[in-house]
Amino acid sequence: MIEPFQKAIPLLNRIERAGFEAYFVGGSVRDYLLNKPIEDVDIATSAEPEEIKSIFSKTVDVGIEHGTVLVLFEGESYEVTTFRSEGKYEDFRRPKQVTFIRSLREDLQRRDFTMNAIAMTKEGKLIDPFFGQADLDHQIIRTVGNPEERFREDALRMMRAIRFVSQLAFRLEKHTERAIQKNGHLLEHIAVERKLAEFKKLLNGKNRAEALNLLVRLQLYRFLPGLNNFAQQIEQVAQYVNHTDLRGEDIWILLGITSKLDNLNPLLKEWKLSNKEIKMIRTVYEAYEERRRRKEWTKELIFRFGPEFCIRAEQIYCAAHGEKNSESAEKLHQIYASLPIKNRSELAVTGNDLMGWHSRSGGPWIKETLEKIERAVINGEVENDKASIKGWLDS
């Protein structure tokens, strides 16, 4: 058994010595069986939250009403959740009530997909009542039990299913797929922030082209913020990203390009992206537009946007126009490194210098003159020192 599990075995031993059951569950077991990196090890137990808190001295009530206690143990933190059954769901997202139980099988039965409903003992033995391992072997995403019931309980599971298509390159089981197509409208009840979290993961998956096409084919796009009329555009973007290494956030720009949006802000704000994310995406979009308009990367553009944004804009341009990258990342970095200044603060002159030289008060002319000097310095028309710049202005 690999290290993340090995390290947690003493924790399971302590729970078992107290007279309770404890197992590894969920995504960590799935990823272990897929030979993927494991980030967090989650543990399910027959012990109730107060019983767990009596076993361990350091705990945090992170979700105790749903049976989850964070246990701080030997320098690590583990979410330990009591076996539970869930009552009727409200708002298509949360159960109205949670009942703590002593049955592992019933706990696994409430989970979303068979591949996430596998438990593992500390010895590495799998407990797999819903044949999740077989679905992993056949690369199938299948709900535990009736898919319509699972999606009516928690509509976000439909987005999770498409996200797993993107991340794992699996396919949807036919009944699961039909249920998604039938119940997509339930996503209207889900908070934008939760849909965004799944959509971001989808955009970064290795099979995101197929996932984007599924959003259209299964009509889910109609219930995503701002994308109701974007069917053709999403399919076009899917073609663009099929053979590219674009970052997930750059796909927003491709959506803007295919939709001929002059301003991406309304769409990004509807998705409730952070101001920092919106600013970054907007900057790359501006760099792309300059690349498209000028047909090349000038020293001025590389100075203005910096090499990283230019590289991303170049990748987007080539994806959208079916071209190979005409400017390598190395070349753009070399051009940037050769620039005599990297930002305006490095100019040898200031607005005060200009006012003194020309005996004029401040005004728009200062900004215009500094930009003129900046361009001249960047393009090698004048040395970046006060005497040279003054002489160049006076000539």
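Helices are DSSP runs of at least four residues, numbered from the N terminus. In the predicted model described here, Arg157 belongs to one of these elements, helix H7, which spans residues 156-168. Arg157 counts as buried because its relative accessibility is 7%, against a limit of 20%. A polar atom of the Arg157 side chain lies 3.3 Å from the backbone oxygen of Arg110. Asp154 is placed just before this helix, in the loop that runs between helix H6 (147-153) and H7. With a relative accessibility of 9%, Asp154 also falls in the buried class. The side chain of Asp154 reaches the backbone nitrogen of Leu156 at a distance of 3.0 Å.

The chain as a whole is divided into domain 1 (1-131), domain 2 (139-224), domain 3 (226-339) and domain 4 (344-394). Between the C-alpha centres of domain 1 and domain 4 there is a separation of 65 Å. A separation between individual residues was also computed: the C-alpha atoms of Thr59 and Ile302, which are 243 residues apart along the chain, are separated by 51 Å. Ile302 is located in helix H15, residues 299-305, and is buried, with a relative accessible area of 0%.

The largest pocket holds about 1,700 Å³ of space. Residues from both domain 1 (1-131) and domain 2 (139-224) contribute to the lining of this pocket, and it therefore lies between the two domains. The lining comprises 41 residues, and those nearest the centre of the pocket are Asp42, Glu79, Arg111, Asp112 and Arg160. By class, 21 of the lining residues are charged, nine are polar and eleven are nonpolar. Helix H7 supplies the largest share of this lining, with seven residues. Other elements that each supply at least two residues include helix H2 (27-33) and helix H9 (192-203), together with strands E2 (42-45), E3 (59-63) and E5 (76-82). Strands E6 (84-86) and E8 (94-95) likewise each supply at least two residues to the lining of the largest pocket.

The second largest pocket has a volume of about 250 Å³. Its lining is made up of 13 residues, of which Glu39, Asp40, Val41, Glu76 and Ser77 are nearest the centre. The elements giving two or more residues to this lining are helix H1 (3-17) and strand E5. Strand E5 gives the most, with four residues. By class, the lining of the second largest pocket has seven charged residues, five nonpolar residues and one polar residue. Strand E5 is thus found in the linings of both the largest pocket and the second largest pocket.

Backbone geometry was examined next. Most residues other than glycine have a negative phi. Asn35 is not a glycine, yet has a positive phi of about 60 degrees. This residue lies in the loop between H2 and E2, and its relative accessibility of 72% places Asn35 in the exposed class. Glu74, also not a glycine, has a positive phi of about 50 degrees. Glu74 is part of the loop that joins strand E4 (68-73) to E5, and with a relative accessibility of 55% this residue counts as exposed. The loop residues Asn35 and Glu74 are accordingly exposed, at 72% and 55%, whereas Asp154, in the loop between H6 and H7, is buried at 9%.

The cysteines were considered last. A search of the whole structure finds zero disulfides. For Cys310, the closest cysteine sulfur is that of Cys318, and the distance of 13 Å is too far for a bond, because a disulfide requires the two sulfur atoms to be within 2.5 Å. The converse holds for Cys318, whose closest cysteine sulfur is in Cys310, at 13 Å. Both residues are withdrawn from the surface by the accessibility criterion: Cys310 counts as buried at 0% relative accessibility, and Cys318 counts as buried at 3%.

Notes
Residues are numbered from 1 along each chain as its sequence is written. This is a predicted model: local features need pLDDT of at least 70, side-chain atom pairs count only at pLDDT 80 or more; totals for chains, interfaces and linings use all residues. Side-chain values use heavy atoms; hydrogens and water are left out. On a 1 Å grid over the protein atoms alone, a cavity is a set of points where a 1.4 Å probe fits but cannot get out, and a pocket is an open set with protein on both sides within 12 Å along at least five of seven lines; lining residues have an atom within 4 Å of a point. Grid points are joined across faces, edges and corners, and a volume is the space filled by probe spheres set on the points. Ala, Val, Leu, Ile, Met, Phe, Trp, Tyr, Cys and Pro count as nonpolar, Asp, Glu, Lys and Arg as charged, and the others, Gly among them, as polar. Domain bounds come from an automatic or database domain assignment. Buried means under 20% relative accessible area, exposed over 50%, partly exposed in between (1.4 Å probe, protein chains only). A polar contact is a pair of N or O atoms within 3.5 Å; within protein, one must be able to donate a hydrogen and the other to accept it, and residues adjacent in sequence count only if both atoms are side-chain atoms.
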